[in-house]
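Subject: The structure, and what turned up in it

Hi there,

Here is the structure I promised to pass along. Please have it open while you read, since my notes follow below.

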Amino acid sequence: MDQPHARTDFHVLAEMIPAPALMLRPDGTPVGWNRSYLEMLGIDDRLVVERTIDETMHPDDMDATALILSETTLDIPLGPTDLRVMHHDGSWVRASWMHRLDSATGLLLVVAMDVTARHELSRQLMVEARTDALTGLANRTGLVEAIEAARENGSPYLLASLDLDRFKRINDTWGHHVGDLVLIVVAKRLKRALPLGSVIARIGGDEFVVMVPHLLDPDPTDIGQRISKIFAQPVADGGRQIPIGGSVGLVVAPPEMHTEDVLRRADFSLYESKTDATRSWVLADSDAFQRQQVQLELEDDLRAAIGTGQFRSHVQPIVRISDRSTVALEALARWYHPVHGVRAAGAFIESAENLGLITEIGRDVREHAIMYHQNADAGVALSINLSALEVAQETLIDELVATTEVFGIENEQMILEITESTLVANLTAARNSLEKLQACGFRISLDDFGAGYSSLQYLATFPLDQVKLDRSILAGRTSSKAAGLLTEAAIDFIQQLGHELVVEGVETEEDHEYLVERGVEYAQGWLYGRPRPVGVPMSTTNPTLQRN
Ligand code: C2E
Ligand code: MG
Ligand code: MG
């Protein structure tokens with residue numbers, strides 16, 4: 001079969017199929033085509049011949065085209081290959097091409113499917129999957145992709161996390177349509193406020209994140225100010241003015257930092273900005289972030305340790321100054337951490353109080369101390385520390401009475417140390433609880449006096465048996481003349497009120513001599529003995545354990 005015949009056959013056949021079809025020489029010159037092909041490109045017969053292959057194919061698809069022309073040597077259908085061809089109006093038509101060699105003629109038969117519409121649809125779907133429907137901003141997926149791209153760039157970029165203050169209140173007060181309106185307005189203001197090329201996303205209800213790439217040379221102060229300014233104007237809804245506010249946390253993110261870590265860091269600054277009314281935006285400071293990480297780990301660890309027997313008591317002697325004999329042992333909480341070893345109370349008690357875990361920890365420590373105290377020398381009291389939360393618990397008295405009964409300890413031998421914060425928390429309730437505890441025979445001690453507000457009022461009016469003067473007062477006496485006078489005055493005042501006085505933090509012989517001169521009766525401190533595990537006598541204490 002010669003070529004003209006083949007062309008005639010091709011034309012007849014090609015007009016019968018609804019897809020663009022083409023017959024080419026191996027050099028790319030078209031020798032046959034159908035109407036669909038002309039329609040796809042918006043051209044006529046003349047133009048098909050006049051146009052060179054370079055003028056028809058997209059420059060980026062030339063290599064693939066050349067490959068098809070030169071390497072199609074088999075008489076079997078091949079493809080599909082996505083290639084773009086130029087429409088007469090200059091736009092690119094994307095088509096999926098099947099091709100095969102007609103070995104009888106050496107010509108290439110090509111059939112195309114116009115896939116521009118399909119591509120547009122998938123492009124739209126891609127965009128939608130990355131867009132927040134309400135505001136038209138990027139969503140979390142879009143944001144994460146933008147951040148990943150910025151990281152690949154290898155340069156630090158700026159990330160800002162922001163949210164609206166009291167957004168729930170706006171929704172509750174004015175209705176969700178107003179809430180939506182506020183979000184839309186905020187999105188518009190952000191777009192106007194930020195440099196072109198910034199990626200702005202809404203990743204949750206009222207949470208927005210902005211990424212400013214390195215290319216735009218972002219200055220954190222400038223961006224912080226631009227963003228916080230958008231909250232200055234209320235949002236107008238018809239005649240109403242809805243006041244808005246927001247907080248902003250910024251972080252200059254190094255490219256090697258993981259996206260989730262960057263977002264967490266920005267959130268941490270956002271939280272700081274929320275809790276600090278004087279700052280409408282906060283730039284992440286890595287020390288503060290580090291501290292927060294450590295704190296979060298500690299809190300997780302604390303929660304996990306409850307009920308596992310990791311909290312025990314060490315004891316430290318309280319002595320009579322005249323002969324340094326032990327009159328009481330103070331139970332101090334210690335956390336026997338399986339990984340970090342023994343931790344002193346100062347490292348975790350405050351967190352346990354904030355998390356509300358102190359009641360469980362306190363009970364474990366008390367029971368441990370009381371259990372061992374049965375073996376202590378007669379006449380040595382046991383002093384235990386109570387947090388405000390524990391004093392506020394109605395069950396405390398019954399629990400204490402039950403424990404002392406079980407272990408055969410007189411209530412009079414128990415001293416309960418409370419701090420000013422317990423009294424400040426609820427004056428009347430605290431007074432009631434303390435009076436009830438005293439009525440059961442327990443003695444009440446005001447711990448750390450001089451470290452907090454040091455209200456003289458409490459000293460004079462509360463039912464106290466003992467006052468412990470904070471070690472900062474003793475240690476500070478040499479820092480200035482006034483401080484020296486203050487230490488003397490505090491000691492005198494407590495003594496004159498008739499409270500039993502224990503001075504804390506006696507570390508040296510000079511401290512001891514000072515107290516002897518002032519006629520102080522009781523003291524506590526490293527000079528007389530460090531905290532040690534319960535049941536271990538002073539003389540045989542392991543020095544490494546003593547340090548706690
Ligand atoms: P605190 O009741 O005033 O206990 C004294 C703290 O000072 C202890 O720290 C003790 O180790 C330390 N200390 C004793 N002598 C000296 C000294 O001479 N120099 C210096 N620099 N420090 C000395 P710790 O054990 O870390 O306890 C810290 C605080 O935690 C305690 O202060 C107490 O308020 C609280 N705490 C301890 N155990 C418990 C507990 O079981 N329950 C509650 N609610 N609080 C506890
Ligand atoms: Mg104490
Ligand atoms: Mg104290």
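A residue is called exposed when its relative accessible area is over 50%, buried when that area is under 20%, and partly exposed in between. Please also keep in mind that this is a predicted model.

With that cut-off, D217 counts as exposed because its relative accessibility is 64%. D217 sits in the loop between β8 (207-212) and α10 (220-229), and its phi is near 50 degrees, a positive value in a residue other than glycine. For background, most residues other than glycine have a negative phi. R166 is another residue to look at: its phi is also near 50 degrees, again positive in a residue other than glycine. You will find R166 in the loop between β6 (157-164) and α8 (167-174), and its relative accessible area of 54% makes R166 exposed.

Now to the metals. Which residues coordinate the magnesium ion (ligand 2)? They are E330 (OE), N385 (OD1), E417 (OE) and D447 (OD), at 2.0 to 2.3 Å. Along the chain, these donors follow the spacing E-x54-N-x31-E-x29-D. D447 also bridges two metals: the magnesium ion (ligand 2) and the magnesium ion (ligand 3), which lie 4.0 Å apart. E330 lies in strand β14 and D447 in strand β18 (residues 443-449), so this pair ties together parts that are 117 residues apart in sequence. Are E330 and D447 buried or exposed? Both E330 and D447 are buried.

Next, the charged pairs. In general, side chains of opposite charge can pair when their charged atoms come close. How many salt bridges does a search of the whole structure find? The search finds 25, and here are some of them.

- E509 and R324: their closest N and O atoms are 2.8 Å apart. This salt bridge links distant parts of the chain, with E509 in helix α22 (residues 509-517) and R324 in the loop between β13 (311-320) and β14 (325-337), 185 residues apart. E509 has a relative accessible area of 37% and is therefore partly exposed; R324, at 35%, counts as partly exposed too.
- A network: salt bridges that share partners join E330, E417, K468 and E504. You have already met E330 and E417 among the residues coordinating the magnesium ion (ligand 2).
- E120 and R123: in this salt bridge the closest N and O atoms are 3.0 Å apart. The two residues are 3 apart in helix α6 (residues 116-129), so about one helical turn separates E120 from R123. E120 is partly exposed at 33%, and R123 is partly exposed at 47%.
- E148 and R151: here the closest N and O atoms are 3.6 Å apart. Being 3 residues apart in helix α7 (residues 140-152), E148 and R151 are also separated by about one helical turn. E148 counts as partly exposed because its relative accessibility is 32%, whereas R151, with 18%, is buried.

One last residue to find on screen is D398, in helix α16 (residues 396-406). At 58% relative accessibility, D398 counts as exposed. The C-alpha atoms of D398 and A150 are separated by 62 Å, and the two residues are 248 apart along the chain.

Happy viewing, and do write back with any questions.

Best wishes

Terms used
Residues numbered from 1 in each chain as written. Chains lettered and ligands numbered in written order. Predicted model: local features only at pLDDT ≥ 70, side-chain atom pairs only at ≥ 80, totals over all residues. Heavy atoms only, no water. Helix = DSSP H or I, 4+ residues; strand = E, 2+ residues; numbered from the N terminus. Buried < 20%, exposed > 50% of the residue type's maximum accessible area, 1.4 Å probe, protein only. Salt bridge = Lys/Arg side-chain N within 4 Å of Asp/Glu carboxyl O. Donors = N, O, S within 2.8 Å, 3.2 Å for Na, K, Ca; no water.
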